[in-house]
Every structure is written in structure tokens, then in C-alpha cells.
Amino acid sequence: MDWQQSFELELEPMDATHHEFVEYYNRLAAADADTRIPHLDAFIAHTVAHFDQENRWMEAVNFPGCHRAEHDRVIQVLHEVRERALSGDGFFLGRLIEELPGWFANHAQGMDAALAFTLKSANFDFATG
């Protein structure tokens, strides 16, 4: 996945995490069959931390819950895909790798952009939460 200027939300903590998301995704997408599970595990760990961070920000500014619900669904899918891959069924991992760039673009430019706008409007202090 190439980084796109449209991913930039002009909110440093969110932009930094999104850059990391793309980096972890690219490592996963480039991994060979022997290293895919460890790369998937690293991607899942990063994504959980990423979403937990955004969820804390949303709670702090009373942001609508649909964004959190999408995070929860993605984490569930990641874990289900991992279990299938561990059992030898790599089909869904391949599909996940194909679909994540489009999902991320929509999520970043939609839900995350709305959260970034809300955080900026509230003069949210990232240091203190």
C-alpha cells in the first residue's frame, strides 16, 4: 500500500499511527509463506494498539460509537483470519491483504477524518488525554 496524501489528517498523533499501520501492512503483504503468521501477529498487535488509542480519544470527546464498532469488527476479522491461516487455510489471509488498502483509505478519509476534526475542534490535549 502506498502512502497517499489523502491519508494525512493534519493531526500528528493520528498521522504517525497511520504511517505505522501502512508500514506494518506492507511488511505483511511482502512476507513469504514462512513468515506471514509472525508478520500478521505484528500487524494485529499494532492494529489493536492503534484502535485502542483512537477509542480512548473517542471516549474523551464523546464521539459516536459507530467508529468503535468498526474497529471491533476489524479486530474480530483479523483474529478469525489468523486462526484460519494457522490451520492451513491461507485463502482469507490473501483476501485480507487484497482488501485492507481499500478499507483503510475509506476508514481514514471518512471515520478517522471526522474524529480528527472533532479532536481539533475540541482542542484535545493528547499529552493529558
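Here are legends for some close-up views of this predicted model.

**View 1. Trp3 meets Phe7 in an aromatic pair.**
The structure has nine aromatic pairs, and the one between Trp3 and Phe7 is edge-to-face. Their ring centres sit 5.1 Å apart, with 80° between the planes. The two partners differ in how much of them shows: Trp3 is partly exposed at 26% relative accessibility, while Phe7 comes out as buried at 0%.

**View 2. Phe21 and Trp103 pair up across two helices.**
Here the ring centres are 6.4 Å apart and the planes meet at 50°, so this pair counts as tilted. Phe21 belongs to helix α1 (residues 12–30) and Trp103 to helix α4 (residues 91–121), so the pair ties together parts that sit 82 residues apart in sequence. Phe21 itself is buried, at a relative accessible area of 1%.

**View 3. Ring pairs build a cluster.**
Zoom out a little and you can pick out Trp3, Phe7, Phe21, Phe43, Phe51, Trp103 and Phe104, linked into a cluster by ring pairs.

**View 4. Arg27 has two partners to look for, Tyr24 and Glu23.**
Arg27 lies over the face of Tyr24, 4.9 Å from the ring centre. Arg27 also forms a salt bridge with Glu23, where the closest N and O atoms are 3.9 Å apart. Both ends of that salt bridge are in helix α1, with Glu23 and Arg27 four residues apart, or about one turn of the helix. Glu23 is partly exposed at 40% relative accessibility, and Arg27 is partly exposed at 40% as well.

**View 5. Asp41, Arg82 and Glu83 share a salt-bridge network.**
The structure holds seven salt bridges. In the one between Asp41 and Arg82, the closest N and O atoms are 2.3 Å apart. Asp41 is in helix α2 and Arg82 in helix α3 (residues 66–86), so this pair ties together parts 41 residues apart in sequence. Asp41 is partly exposed, with a relative accessible area of 29%. Arg82 also meets Glu83 in a salt bridge, at 3.7 Å from N to O. Through shared partners, Asp41, Arg82 and Glu83 end up in one network.

**View 6. Asn55 touches Arg68 and His71.**
Asn55 is part of helix α2 (residues 36–60). With 5% relative accessibility, Asn55 counts as buried. Set aside its neighbours within four places in sequence, and the contacts to find are Arg68 and His71.

Note on methods
Residues numbered from 1 in each chain as written. Predicted model: local features only at pLDDT ≥ 70, side-chain atom pairs only at ≥ 80, totals over all residues. Heavy atoms only, no water. Phe/Tyr/Trp six-rings, centres within 6.5 Å; stacked < 30°, edge-to-face > 60°. Buried < 20%, exposed > 50% of the residue type's maximum accessible area, 1.4 Å probe, protein only. Lys NZ or Arg CZ within 6 Å of the ring centre and 35° of its normal. Contact = heavy atoms within 4.5 Å. Salt bridge = Lys/Arg side-chain N within 4 Å of Asp/Glu carboxyl O.
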